[in-house]
Amino acid sequence: MIQTELCDLLGIEYPIIQGGMAWVSTAELAAAVSEAGGLGVIGSGAAPPDWLREQLHKAKELTNKPFGVNVMLLSPYLAEIMDILLEEKVAVVTTGAGNPGKYVPALREAGTKVIPVVSSVALAKRLTRSGVDAFIAEGMESGGHIGVLTTMALVPQVVDAVDLPVIAAGGIYDGRGLVAALALGAVGVQMGTRFMCAEECTIPQRVKDFVIRAKDRDTAVSGTSTGHPVRALRNRLTRKYDEMEKNGAPPEEIENLGVGSLRLAMVEGDIENGTVMAGQVSAMVNKVQPAREIILDIMNSAECVLGRLKNQVV
Ligand code: TUI
């Protein structure tokens with residue numbers, strides 16, 4: 001049985017957080033993960049406030065267990081999203097794509113645990129005094145908006161730099177990844193890509209099949225010149241990005257290419273012209289499974305890995 005500080009902090013059974021992916025992590029997925037003993041997280045992305053309110057109500061109908069909401073700090077609706085989270089008293093808020101410092105006191109006041117996603121030591125250090133509860137250190141193996149450090153390099157550096165629990169994210173798929181994260185000093189993992197292929201995930205089957213077909217080198221990082229690099233599965237759109245960046249197109253023009261493209265992929269199922277944000281572990285995802293099966297597989301395989309490691313100590 002693997003139980004860590006993260007389980008006590010969040011009141012969950014297993015040290016696994018499901019990534020709050022925009023247009024992917026709906027109430028159905030989050031509730032299924034929480035029901036299975038992990039922490040389910042609704043991804044609010046750039047969705048309008050009414051959508052979030054409806055999702056929160058749906059999740060509360062589906063589970064009595066704690067769940068979280070990811071706030072994408074570049075959302076055009078950020079102020080309204082924060083108001084809803086304070087009103088609805090969400091158990092956990094994770095944040096991405098920015099510095100959540102000024103929102104931390106009000107969230108904590110509402111009894112919400114705040115766990116920013118960081119891709120650098122500098123941001124983690126800056127946030128230590130703002131009262132956050134833990135950090136998610138996310139390496140560039142992840143899908144979506146990424147930093148430049150790998151999980152292997154970033155996690156131990158954040159662990160050494162802060163006095164709070166650190167959760168590892170990026171490039172984690174199974175028990176090997178969980179045990180590796182614990183070895184780096186993390187108290188648990190956040191996983192996104194594998195949960196895209198959870199049965200309860202509402203994205204079109206065509207997108208799940210695209211993730212399942214992906215091989216080791218099938219993700220690409222686009223938009224580096226805009227300051228918002230994004231990892232996604234290679235397709236017609238990422239090739240267009242490559243071409244524009246090679247030709248030195250202005251950053252605004254490149255940025256415009258991405259507007260609405262995540263929704264196009266994850267809701268409309270357009271896997272050629274949309275942005276299919278997914279991480280490097282896409283290559284390891286080979287089937288659709290219920291969220292509970294994913295979580296139990298991770299925990300069982302982690303126990304096997306630990307047993308194997310113990311046998312190697314003489
Ligand atoms: O946020 C994510 N992943 C995301 S957000 C997203 S929606 C989006 N799409 C296009 C462009 C931008 C966003 C899709 N995937 N992961 C967490 C994460 N946060 N990764 C990196 C960061 C990050 C980056 C810079 C956090 C803070 C930061 O700088 C803040 C500062 O002030 O230093």
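Guide: Domain bounds here come from an automatic or database domain assignment. The model is predicted, so local features need pLDDT of at least 70 and side-chain atom pairs count only at pLDDT 80 or more, while totals for chains, interfaces and linings use all residues. Residues are numbered from 1 along each chain as its sequence is written, and side-chain values use heavy atoms, with hydrogens and water left out.

Visitor: Why is the ligand said to lie between domain 1 and domain 2?

Guide: Domain 1 (5-202 + 285-312) and domain 2 (215-277) both give residues to its shell, so the ligand lies between them.

Visitor: What makes up the shell around the ligand?

Guide: The shell has 16 residues, each with a heavy atom within 4 Å of the ligand. Ala97, Gly98, Val117, Glu138 and His145 are the closest.

Visitor: Which helix and strand each supply at least two residues of the shell?

Guide: They are α6 (121-127) and β7 (144-145). Both are DSSP runs, numbered from the N terminus (helices: H or I, at least four residues; strands: E, at least two).

Visitor: What makes the contact of Arg126 with the ligand a polar one?

Guide: A polar contact is a pair of N or O atoms within 3.5 Å. A polar side-chain atom of Arg126 is 3.5 Å from a ligand oxygen atom, so the pair counts. An N or O atom in the side chain of Glu138 lies 3.1 Å from a nitrogen atom of the ligand, so that pair counts too. For His145 a backbone N or O atom is 2.9 Å from a ligand nitrogen atom, which is therefore also a polar contact.

Visitor: How much of the ligand does the protein cover?

Guide: On its own the ligand has 720 Å² of accessible area (Shrake-Rupley method, 1.4 Å probe), and the protein covers 74% of that.

Note on methods
A polar contact is a pair of N or O atoms within 3.5 Å; within protein, one must be able to donate a hydrogen and the other to accept it, and residues adjacent in sequence count only if both atoms are side-chain atoms.
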